[in-house]
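I opened this model to look up a few things in turn, beginning with the cysteines and then moving on to helix packing. My notes follow in the order in which I checked them.

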Amino acid sequence: MSDDTPPTIEVLAEDFEDLKATVYGFATQLEHNTEKVKQLASAVASGGGQDDDGDSDGKGKEKEKPKTPPFILWLPGDKYAAELAALAGWVRDLLVPTYFGEVSSSATWCARWWEHPAAVARLHAAWLAWQELTNPETCGLTGPSVWHRDHLDPMLAQLRAADGPFAGCMTNPDRPQHTVLPVPPVDPAPAPPVVAEPEAANA
């Protein structure tokens with residue numbers, strides 16, 4: 001025998017709260033899914049519509065290689081000159097005025113630092129790290145601290161050491177001097193031994 005008694009207000013209110021909670025859950029899930037779809041659409045758009053193989057037209061084009069920092073000493077003439085000019089501005093305007101103290105026999109310097117390849121390589125590496133670790137979009141709050149600790153301080157210790165690349169240059173600020181140190185000789189490495197090919201077995 002069925003119970004035809006109408007539900008009480010309390011029961012209806014409880015059912016309504018359950019229904020409201022269910023609808024809220026569906027709305028939240030829908031909002032989450034919509035945001036995921038937007039993110040995927042944005043990722044596809046930024047990829048230029050390429051498929052998993054990096055091709056937009058399926059013709060087997062090669063993927064673009066990721067860009068990596070250049071090793072300045074390996075750059076060809078024009079690119080080297082442009083990179084050196086940018087580096088020189090940073091050395092002149094920021095590095096030397098801010099971080100270089102008095103020149104001495106234990107803290108050497110050369111006003112013509114660009115003629116010392118080892119100095120150019122070290123300064124350029126520190127400059128690249130500075131660009132990344134002082135950029136608010138990539139460095140985080142600890143970026144500048146990491147740059148000082150891991151890049152600037154070790155670089156300066158090597159660059160200005162008494163036996164560093166400026167060892168033959170200025171040790172007294174009143175007596176400018178510039179000497180490019182000679183490159184030590186390097187003998188050619190021995191050629192690898194020639195391994196004789198085994199003779200083919202007679203048929």
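I looked first at cysteine 110, whose sulfur lies 3.6 Å from the closest cysteine sulfur, that of cysteine 169, and this is too far for a bond. I kept in mind that the model is predicted. Because a disulfide requires the two sulfur atoms to be within 2.5 Å, the 3.6 Å between cysteine 169 and its closest cysteine sulfur, in cysteine 110, rules this pair out. I accordingly recorded zero disulfides for the structure.

I then checked burial for both residues, and noted that cysteine 110 is buried at a relative accessible area of 1%, while cysteine 169, at 3% relative accessibility, also counts as buried.

Next I turned to helix packing, where the axes of H2 (residues 77-99) and H3 (residues 117-133) come within 10 Å and cross at roughly 75°. I therefore entered H2 as roughly perpendicular to H3. Of the residues in this contact, I counted 14 as nonpolar, one as polar and one as charged. On the H2 side I listed, among others, Tyr80, Glu83, Leu87, Trp90 and Leu94, and these belong to a set that meets H3 residues including Val120, His124, Trp127 and Trp130.

Last, I looked up aspartate 153, which is found in helix H4 (residues 143-159) and which, at 45% relative accessibility, counts as partly exposed. I also noted that aspartate 153 and tyrosine 99 are 54 residues apart in sequence, with their C-alpha atoms 9.6 Å apart in space.

Key:
Residues numbered from 1 in each chain as written. Predicted model: local features only at pLDDT ≥ 70, side-chain atom pairs only at ≥ 80, totals over all residues. Heavy atoms only, no water. Axes fitted to C-alpha atoms, helices over the stretch in contact; angles between N-to-C directions. Helix = DSSP H or I, 4+ residues; strand = E, 2+ residues; numbered from the N terminus. Parallel < 35°, antiparallel > 145°, perpendicular 65-115°, else oblique. Contact = heavy atoms within 4.5 Å. Nonpolar A, V, L, I, M, F, W, Y, C, P; charged D, E, K, R; others polar. Buried < 20%, exposed > 50% of the residue type's maximum accessible area, 1.4 Å probe, protein only.
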